[in-house]
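Visitor: I would like to learn how to read a structure, one feature at a time. Could we look at it together?

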Amino acid sequence: MRASQYLIATVKETPSDAEIVSHQLMLRAGMIRKLASGLYTWLPMGLRILRKVENIVREEMDRAGALELLMPAVQPAELWQESGRWDTMGAEMLRLTDRHNREFCFGPTHEEIITDMVRNELRSYKQLPANFYQIQTKFRDERRPRFGVMRAREFLMKDAYSFHLNDESLKETYAVMHETYSRIFTRLGLDFRPVLADTGAIGGSGSHEFHVLADSGEDAIAFSTESDYAANVEKAEALPPQDERPAPSQDMSVAETPQKHTIEEVVNFLKVEATQTLKTLVVHGADESGEKEGVIALVLRGDHELNEIKAEKFSQVYAPLTMASEEDIRAAIGCGIGSIGPVELGIPMIVDRDAAFVADFVCGANEDGKHLVGVNWGRDLPEPEIADIRNVVEGDKSPDGKGTLTIKRGIEVGHIFQLGQKYSESMNATVLDENGKTATMTMGCYGIGVSRIVASAIEQNHDDKGIIWPDAIAPFQLTLLAMNYNKSDAVRETADKLYEELTAAGIDLILDDRNERAGVMFADMELIGIPHRIVVGDRGLKNGAVEYKGRRDADNQDIPLDGLVDWIVQKIGH
RNA sequence: CGGGACGUAGCGCAGCCUGGUAGCGCACUUCGCUGGGGGUGAAGUGGUCGGAGGUUCGAAUCCUCUCGUCCCGACCA
């Protein structure tokens, strides 16, 4: 490609509405443009990257034996009504009505469609296992689109769905997909980790997320220092304390704490450690049928955070988890938020394992402006019902018993799921087994956020000049910068010749033949992030040489023109 | 959806408080010089100030409503 014939849409100034570095650089490098909230145009330069990611994903899915197909983005409501999700999906699903007033949605995912296809096409256990995938545009009407294509409403996703006669077969394919995902992210040049994930509302027996490690990530991942244990903090179990609870050493007494509500305020005021305090959060409760009913208290050590995913799993807790309002709390307990404590609380409570382990603790007195100190379980209040409802923190014991946990941030770029029979059952997707009996298929599903990968690769690979693409997904492998292309015959002839030869040798390159000053060309190509650069200029040509510099290199090196093409092919060819 | 902020040229912003001919930088066009790190001089193009209504002799500026965007909290590839 010649730069003079291409759209180099770089800009110097950072658009004001871009928060994270990948979003800023994608805009500045002329890869995307925003059309509306969560909707982006991929400019030619950006699309090249997206396609390269897509192709690697496709190659590895094909290698794993999955079959590519393409399903409609717009889907009829009937199938979603059949699975029950038409009513449960909520506002995230974009709903449409056609001219005949029939209802459709723009697919946020394709379980219903693939299950419908498979139940119509597959009749025999002999056709199983089967794994189908597509690379296709999804639409999810996110509450809060942000960070450019990182969390867009419309995005490109690879989604795969496997079908099995039994769980063993599912587990085999799941393992193959786990391996395939690792191959994909390795080929993409990303620093990633597979981590245990919560199975969420879908249920099922197993799930891993694949995270690209980056400080800007929206997820927290817990890693063991001693083993390969890694889990989303949503999922990571906080082990119960292993020692005995210390014996009480203080009598319980009331402390005046006027206007002290937060743990931090109380800790500073009473001069105690946060680990010696308990905090009591009040959320909406649920009755036996899961309807909202009353309130329930969740008790945590002062320095710990509630894990909402864990808490939501208790049947007494209303899902989705919602904090009770100040009025609800006053009505139920008689004091404000910030003065609540477990002693004679009068509403049901679930106490975190670590909170139940503290002796002589400080907690709210259920009376405004007062806290209790020197409180002890089993003496001043009954031994509690305990559970794991907190987020793990740095330094906790690893749930696998090996080492302690460290916490890092991650961007979820893939998620694999053992679905089970949720959809095949509700949609009656069956085959005949070897005994001629009807058998409901078991399913797995496997997603990769293709467009999100582009952004996460930038989060991991950039410097103050711009993007530094991994070779595998760079929009161009090499840039050929011609100094004074329009004035120097020697430069132009050499550059044109090199361009032809390198193209013929299969190198994906862009020749910068624009009538720009050197600084502009350097700055543009560095911003865009082309990983390899050759400079052709009169200065080098006098010595029969050009200059090479890798995007991460500190210095140029002179390379003789003679044998240059072979040298480059050797260095960056496939 | 709750809380906060912002909408003025393609981009980044000033002007608004205290109403009186819409500005700056970048980008873009033409010409000159320059030519290995976003160079320079000259001359230009481009905006119904997000939209609607109101107050006023007069509104980018004041008031009301509305739409959009971004940031912080509950969901997900």
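Guide: Start with the labels: helices (H or I, at least four residues) and strands (E, at least two) are DSSP runs, numbered from the N terminus. With those labels, Glu344 can be placed in the loop between α9 (326-333) and β16 (349-352). Keep in mind that this is a predicted model.

Visitor: What is the phi of Glu344 near?

Guide: The general idea comes first: most residues other than glycine have a negative phi, and most peptide bonds are trans. The phi of Glu344 is near 50°, which is positive although the residue is not a glycine.

Visitor: Which residues does a cis peptide bond join?

Guide: The cis bond joins Leu128 and Pro129, with an omega of about -5°. Pro129 is in the loop that runs between α5 (111-121) and β7 (130-139).

Visitor: Next, the helix pairs. At what angle do the axes of α2 and α6 cross?

Guide: Helix α2 (residues 44-63) and helix α6 (residues 167-187) have axes that come within 10 Å and cross at roughly 150°. Angles over 145 degrees count as roughly antiparallel, so α2 is roughly antiparallel to α6. The crossing in which α2 passes α6 is right-handed.

Visitor: Which residues of α2 and α6 meet?

Guide: From α2 come Ile56, Val57, Glu59, Glu60, Met61 and Arg63, and from α6 come Met177, Thr180, Tyr181, Arg183, Ile184 and Arg187. By class, this contact of α2 with α6 has six nonpolar residues, one polar and five charged.

Visitor: At what angle do α1 and α11 pack?

Guide: Helix α1 (residues 21-28) packs on helix α11 (residues 450-460) at about 105°, and their axes are 8 Å apart. This angle makes α1 roughly perpendicular to α11. In α1, Val21, Ser22, Leu25 and Met26 meet Val454, Ala455, Ile458 and Glu459 in α11. Here the classes are six nonpolar, one polar and one charged.

Visitor: How far apart are the axes of α12 and α15?

Guide: The axes of helix α12 (residues 489-504) and helix α15 (residues 564-572) are 10 Å apart, and the helices pack at an angle of about 45°. That makes α12 oblique to α15. Their crossing is right-handed. Leu498, Glu501 and Leu502 of α12 meet Leu564, Val565 and Ile568 of α15. Five of these residues are nonpolar, none is polar and one is charged.

Visitor: Last, the RNA. How many residues surround RNA strand B?

Guide: RNA strand B is surrounded by 50 residues, and the closest are Arg143, Asn484, Lys487, Glu526 and Glu547. These 50 divide into 14 nonpolar, 11 polar and 25 charged. It also helps to ask which part of the RNA faces the protein. Of the atoms of RNA strand B within 4 Å of the protein, 46% belong to sugar or phosphate, and the rest belong to bases.

Visitor: Which side chain has an N or O atom 2.8 Å from a base nitrogen of RNA strand B?

Guide: That side chain is Asp524. Arg533 has a polar side-chain atom 3.1 Å from a base oxygen of RNA strand B. For Arg146, an N or O atom of the side chain is 3.4 Å from a phosphate oxygen of the strand. Elements that give two or more residues to the surface near RNA strand B include β1 (32-36), β8 (154-164), β20 (405-420) and α13 (518-528).

Visitor: Which element gives the most to the surface near RNA strand B?

Guide: Helix α13 does, with seven residues.

Key
Residues numbered from 1 in each chain as written. Chains lettered and ligands numbered in written order. Predicted model: local features only at pLDDT ≥ 70, side-chain atom pairs only at ≥ 80, totals over all residues. Heavy atoms only, no water. Axes fitted to C-alpha atoms, helices over the stretch in contact; angles between N-to-C directions. Parallel < 35°, antiparallel > 145°, perpendicular 65-115°, else oblique. Left-handed = near helix turned anticlockwise from the far one by under 90°. Contact = heavy atoms within 4.5 Å. Nonpolar A, V, L, I, M, F, W, Y, C, P; charged D, E, K, R; others polar. Near = heavy atom within 4 Å. Polar contact = N/O pair within 3.5 Å; in protein donor to acceptor, adjacent residues only side chain to side chain.
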